[in-house]
Amino acid sequence: MQANNSHDVIAKLSEQIARIEANTLDSQDAGISSGYRQLDALLPNGGFMPGSLIDWLEADRGNGAFTLALLVAREACRQGGICVVVDQRNRFYPPAAVGWGLPLNQLVVVRPKNDSDEIWALTQILRCRHVAAVLCYRNHYEPFAFRRLQLAAETGQTLGCLIRSKEMECQPSWANVRLLVSACSEDPNAREGTRDRCLKVRTLDLHMHHKVGIAEIKLSNAHTTVRNVRRIAQ
Amino acid sequence: MFAASHNETPQSIVSPKEKRILCVWIPNWPIQRITKSQPDLKKHPLALYEHGPRGGLRIGFTSFLARKNGIQAGIPVADATARLGSRLRIIKHDPIADKKELIQLAIQCHEFSPHVGLIGMEHCDTLLFDITGSSHLFGGEEKLVQQVWQQFRSWQLFTRMATAKSVGAAWAFAHCDARSKPGPFVCQQNTPIDLANELGTLPLNSLRLTAKTLQTLSELGLETVGQILTLPRNSLVSRFPSELLQRVDQALGKLEEPIVALNPPQEFVAEWDFFYPTQRQDAIFIAIAELSDRLAKQLHQENRGALEITCKMTCEPKSTFLETVKFYRPVCNAQHFLELIELKLEQARLPASIVNITLKATRHSLATPRQKELFADRTNDYAEEFSLLVNQLTSRLGEKAVVCPLLCANSQPELAFREEPLISRRSLKSSFAYRFSALQRPTILFPRPLPLEVTAVFPDGPPQGFVRAGKNYRITRKFGPERIETGWWGKKGIRRDYYCVETSCGAWYWIFRSISSRKWFLHGEFA
């Protein structure tokens, strides 16, 4: 009996926390579509909310997490905002972004020299309302810095895409949405000579109690938009 | 060096109300401009070329050495080079640079007169100073002219100068009077008859007449100004173009000829002197806050915004510390100035105690007008926010750390784009069209290709697997080879066969084999 009561209390408290956190973002507006219907269906409000942080966890290097984040940023910039890539290691290749349909006149690259400058720059950029999306390849965030980034994103209504490695899955995160991107192990539809790329995106449960699920996505060379393959599981 | 009219006494005093003009002629100014900046060229025959009226290149201006070797203005460039070969230095004539530098000289001469202008027949090569009522400040007109002469000598410029009571007369004496050669000539004509007598001996081209009018007068046997002045005025009006009478009247001072004065660029400066040298941060920031406020008010009064501010701190002993802040758009906000200067100073270390701080808007432009609207457009406000963000990022991280990429027409992947500092770029448009599709280029490109150990079925065959960071990767799919060859004629050309490969774990990489070295490299990831 007492165990049931304590379980109920915990459930109620979690619900209240989720309600409070949900109120920080305007849940009436539709989110930014990712371009993949099945993935949008897994997200609250049918898309990524402006003013939120997204953890893009890549199962392995070269798995396509950054590319997917870039595509979401492209969608976010359709209303005329700027996409900023914070690239401390000087590895981002802008011509590839052009190939994916992101206009160069809406792309800015910031190259801080050290970690503290990187966090400071991220905070300032997220706070700017003219910036539609920010992408940053960085694994570790201090809890206070992470919370500051979340508040900055809410202030600026900017979409913050943080690309991190899968090892960060167990680390605490202030991101509103966490997605694990991996490659499809076997693509039965793969044809010899085609340059399609199949990715699997799994939403990780956080504290917003949105649906956990997996979606398969095919990136095609012929189009700069993506096509949904199927939603596998819920 | 210093000639004077026979009417003049050594210490003659000019009436302060009498108009006085100083004309400074820089003969062969295009050549002198080049040799001033490149003194080595004085030792060689030098010629400037320009496009001829019927096409082709012809010599426009020549130095003394070139003329001595038979190179005259007007001859084709081919003839000139055939005559002197490599001894002749030929440079393209730049009339815009000539005018620009002459304007700079005029602005620097404002210490001698508040009204300095340019004049020239075919091209600007003459400065006019209005020295009415100001020569007594220099100890007399002769001393003033002597100082101007010395100033131009210090600039390595050969000049001919003359003063008179009208622009036309001063121009005539400077250009055509042998008495002004090689130095300054002060002409004191107390009466109009004196001036007419002085001008009478000069040739007709001293009146700044067009070639057609000069030819007409020459055919009639008229060679000097004196001959023109003896003719009845009515006949000048009826028989000759109006230009002749106009120039005569201008030379005699009967027709006003204003000088279009060049104004020095407006300066926006605020300065603070400490009572004693200090290194206290709070005192320094209070001073900078006050100076930012003053500077913003100066800019606001003139409806201008700063594009660049320099904060100069004079330290004791004599040394200076300089920080520059740039802005994406013209800014006239004291708080913003202060924030950015503080950002810069946080990262800097003051060398010694400060005695003086000067804030100067080194670049400024008209402030962008923004009219408030009833239903305000948020896009404009956000653009303003973005401008402030760029200023902040650039101040802290540096100009080269906040960039916008532009595509280049280069097949070599690492050179297919370049980056420009966003702070100095107004438009983010790129004119080069991108021709690769999405999955042909990786989103991550390593600054330097990383050597890779690759296994292949046969030498020079496609890759089957590779080892990276001690881990074996099996390639399940590969696309290529894509041959990229550039600059075969130079040293830095590349010859690579690129493969886009998918590994068994689903990761995509961009690897290439160097054709010359037969080695494999990892260049990018399709992250």
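How much area is buried between chain A and chain B, and what percentage of that area do carbon and sulfur atoms give? With both chains of this predicted model on screen, the answer is about 4,600 Å², of which carbon and sulfur atoms give 61%.

**The contact between the chains**

Begin by selecting the residues in contact, which number 51 from chain A and 53 from chain B. Within the chain A selection, highlight A:Y93, A:W120 and A:R195, the residues of chain A that lose the most area to chain B, together 17% of what that side buries.

Next, show side chains as sticks and turn to the charged pairs, for there are 5 salt bridges between chain A and chain B. One of them is formed by the side chains of A:R111 and B:E419, with a distance of 2.3 Å from N to O. Polar contacts across the same boundary amount to 13 residue pairs, counted where both residues have pLDDT 80 or more.

Colouring chain A by secondary structure then shows where its side of the contact comes from: α3 (65-76), α4 (94-99), β3 (107-110), α5 (115-127) and β4 (131-137) of chain A each supply at least two residues. The largest share, 7 residues, comes from α5(A). Classified by residue type, the side of chain A that touches chain B divides into 25 nonpolar, 13 polar and 13 charged residues.

Keep β3(A) selected and add strand β14 (residues 402-407) of chain B, since these two strands run antiparallel and are joined by 2 bridges. To find the pairing at the level of residues, pick A:V109, whose bridge partner in β14(B) is B:V403.

**The barrel in chain B**

Now hide chain A and select the strands β16 to β21 of chain B, where 6 strands close into a barrel in the order β16-β17-β18-β19-β20-β21 with antiparallel pairing. From one strand to the next, the twist averages 45°.

A starting point for walking around the barrel is β16 (residues 444-456) of chain B, which pairs with β21 (residues 520-525) of chain B in the antiparallel sense over 5 bridges. Here B:P451 has B:F521 as its bridge partner in β21(B). Toward its other neighbour, β16(B) is joined by 4 bridges to the antiparallel strand β17 (residues 463-468) of chain B, and in this pairing B:T455 is the bridge partner of B:G465. The hairpin of β16(B) and β17(B) has 6 residues between the strands, and it is worth centring the view on B:D460 there, which takes a positive phi near 70°.

Further along, select β18 (residues 471-486) and β19 (residues 494-503) of chain B, an antiparallel pair with 9 bridges. In this pair, B:R483 stands opposite B:D497 of β19(B).

**The open sheet in chain B**

Finally, move to the open sheet of 3 strands in chain B, which has the order β4-β3-β5 and mixed pairing. Because β4 (57-62) and β5 (89-92) of chain B stand at the edges with a single partner strand each, one side of each is left without a neighbour in the sheet. Neighbouring strands of this sheet are turned by 40° against each other on average, direction ignored.

Between β3 (residues 46-51) of chain B and β5(B) the strands run parallel and are joined by 4 bridges; select B:L48 to find its bridge partner B:I91 in β5(B).

Two helices can be added to this view. Helix α1 (residues 29-37) of chain B lies across β3, β4 and β5 of chain B and runs at about 125° to β3(B), while helix α3 (residues 77-84) of chain B lies across β3, β4 and β5 of chain B and runs at about 65° to β4(B).

Notes. Residues numbered from 1 in each chain as written. Chains lettered and ligands numbered in written order. Heavy atoms only, no water. Contact = heavy atoms within 4.5 Å. Buried area = accessible area lost by both parts, 1.4 Å probe. Salt bridge = Lys/Arg side-chain N within 4 Å of Asp/Glu carboxyl O. Polar contact = N/O pair within 3.5 Å; in protein donor to acceptor, adjacent residues only side chain to side chain. Nonpolar A, V, L, I, M, F, W, Y, C, P; charged D, E, K, R; others polar. Pairing = 2+ DSSP bridges. Axes fitted to C-alpha atoms, helices over the stretch in contact; angles between N-to-C directions.
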